[in-house]
Amino acid sequence: MQIIIVKDEVEGGQKGYQVFADAKKNGAHVFGLATGSTPITTYKDIIASDLDFSDSISINLDEYIGLSADNDQSYNYFMHKNLFNQKPFKTSYLPNGLAKDIDAEAKRYDKVIADNPIDLQILGLGRNGHIGFNEPGTSREIGTHRVSLTQSTIDANARFFEHEEDVPKEALSMGLSSIMKSKHILLEAYGAEKADAVKGMIEGPDTPDLPASILQNHDNVTVILDEAAASKLTNK
Ligand SMILES: O=P(O)(O)OC[C@H]1O[C@](O)(CO)[C@@H](O)[C@@H]1O
């Protein structure tokens with residue numbers, strides 16, 4: 001893992017943008033995208049740049065089950081607001097959280113990922129070490145799947161909703177095996193509440209109890225941390 005420690009998420013966003021720009025220059029065509037607060041500064045810098053994704057493909061990690069694309073808490077809405085409206089891609093794929101048959105939707109999404117191998121995947125990190133919505137204990141072998149969100153994730157995401165009871169309890173997430181097939185992975189984490197997960201991901205045992213620790217087995221991972229998120233690392 002290449003670990004870059006920055007002052008704050010503004011500087012982290014600039015570094016993250018640079019990873020996208022370099023990937024694009026080197027021919028990357030399929031970009032795996034994430035939601036949540038973490039990638040927003042990188043997306044802002046992409047929007048402010050002259051990078052052009054009109055010939056590129058994007059594939060998002062996850063979506064809440066039960067929210068429509070026009071619900072302002074859906075990840076589809078998030079992506080349009082924070083990136084796609086300003087930087088359209090040729091084709092953008094997201095799981096459909098309103099699909100009647102969730103298992104069929106998961107299969108459809110796995111085919112999308114198989115047909116479009118991801119060149120660069122950006123990830124945030126859950127406080128419990130989740131990546132995508134792969135919560136602790138998730139099998140490393142399964143593909144796109146239905147997830148029951150843990151209380152830790154529901155609590156963390158409640159800040160985006162008016163009432164905690166509005167936070168969806170289920171999501172559809174790309175599997176860890178698909179994330180691991182990405183050619184290059186960029187993970188960003190900011191804030192002291194991520195420090196334990198960051199330490200486990202980098203210095204802890206490689207275990208399904210901390211899903212992000214699987215990244216220790218990937219040979220092209222760039223990690224961008226602010227000082228607070230890096231504060232528990234022994235080797236800095
Ligand atoms: O970036 P945040 O808001 O801290 O959330 C952490 C991660 O968990 C998710 O919400 C679930 O995939 C991601 O979108 C995000 O990167």
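# Briefing on a predicted protein–ligand model

In helix 2, spanning residues 40–48, the buried positions are Thr 41, Thr 42, Tyr 43, Asp 45 and Ile 46. These buried residues pack against helix 1 (9–25), helix 3 (75–84), strand 6 (120–123) and strand 9 (184–189). The structure is a predicted model, and the protein contains 7 helices and 10 strands.

**Overall fold**

- The protein has a radius of gyration of 16 Å, which agrees with the value near 18 Å for a compact globule because the chain has 236 residues.
- Along the principal axes, the C-alpha trace spans about 50 × 40 × 35 Å.
- Buried residues make up 42% of the 236 residues of the protein.
- Among contacts with a separation of 6 or more, 80% join residues 24 or more positions apart.

**Annotated domain**

- An unreviewed UniProt entry annotates residues 24–222 as "domain: Glucosamine/galactosamine-6-phosphate isomerase".
- This span is 29% helix and 17% strand, and its end C-alpha atoms lie 16 Å apart.

**Ligand surroundings**

- The residues around the ligand include Ala 34, Thr 35, Gly 36, Ser 37 and Thr 38.
- Leu 61 and Asp 62 also belong to this shell, as do Gly 124, Leu 125, Gly 126, Gly 132 and Phe 133.
- By class, the shell has 7 polar, 4 nonpolar and 1 charged residues.

**Annotated active site**

- The "active site" annotation in the unreviewed UniProt entry covers Asp 62, Asn 128, His 130 and Glu 135; Asp 62 is also one of the residues around the ligand.
- His 130 lies in the loop between strand 6 and strand 7 (145–148), and Glu 135 is found in the loop between strand 6 and strand 7 as well.
- His 130 counts as buried because 27 other C-beta atoms lie within 10 Å.
- Glu 135 is likewise buried, because it has 21 C-beta neighbours inside 10 Å.
- Beyond four places in sequence, His 130 touches Glu 135, Pro 136, Thr 153 and Pro 211.
- With the same exclusion of residues up to four places away, Glu 135 touches Asn 128, His 130, Val 147, Leu 149, Thr 150 and Thr 153.

**Nonpolar core and Leu 233**

- The largest nonpolar core comprises 55 residues, and those with the most contacts inside it are Leu 123, Leu 125, Leu 187, Val 198, Met 201 and Ala 212.
- Leu 125 from this group is also among the residues around the ligand.
- Val 198 is in contact with Leu 125, Ala 189, Leu 225, Ala 229, Ala 230, Lys 232 and Leu 233, leaving aside neighbours within four places in sequence.
- Leu 233 lies in the segment after strand 10 (221–226).
- Leu 233 is partly exposed because 16 other C-beta atoms lie within 10 Å, a count short of the 20 needed for a buried residue.
- Apart from neighbours within four places in sequence, Leu 233 is in contact with Val 198, Lys 199, Ile 202 and Glu 203.
- Leu 233 and Ala 195 are 38 residues apart along the chain, with their C-alpha atoms separated by 8.0 Å.

**Asp 110 in helix 4**

- Asp 110 is found in helix 4, which covers residues 102–115.
- Asp 110 is partly exposed, with 18 other C-beta atoms within 10 Å.
- Not counting residues up to four places away in sequence, Asp 110 touches Gly 143 and Thr 144.
- The C-alpha atoms of Asp 110 and Pro 95 are 9.9 Å apart in space, and the two residues are 15 residues apart in sequence.

Definitions and conventions. Residues are numbered from 1 along each chain as its sequence is written. This is a predicted model: local features need pLDDT of at least 70, side-chain atom pairs count only at pLDDT 80 or more; totals for chains, interfaces and linings use all residues. A residue is near a molecule or strand if its C-beta atom, placed from the backbone, lies within 6 Å of it. Ala, Val, Leu, Ile, Met, Phe, Trp, Tyr, Cys and Pro count as nonpolar, Asp, Glu, Lys and Arg as charged, and the others, Gly among them, as polar. UniProt positions are given in the numbering used here, feature names are shortened, and annotations may be inferred rather than shown by experiment. Helices (H or I, at least four residues) and strands (E, at least two) are DSSP runs, numbered from the N terminus. A residue is buried if 20 or more other C-beta atoms lie within 10 Å of its own, exposed if 12 or fewer, and partly exposed in between; C-beta atoms are placed from the backbone. Two residues are in contact if their C-beta atoms, placed from the backbone, lie within 7 Å. The radius of gyration is taken over C-alpha atoms; the globule rule is 2.2 Å times the number of residues to the power 0.38. A nonpolar core is a set of buried Ala, Val, Leu, Ile, Met, Phe, Trp, Tyr and Cys residues joined through C-beta atoms within 7 Å.
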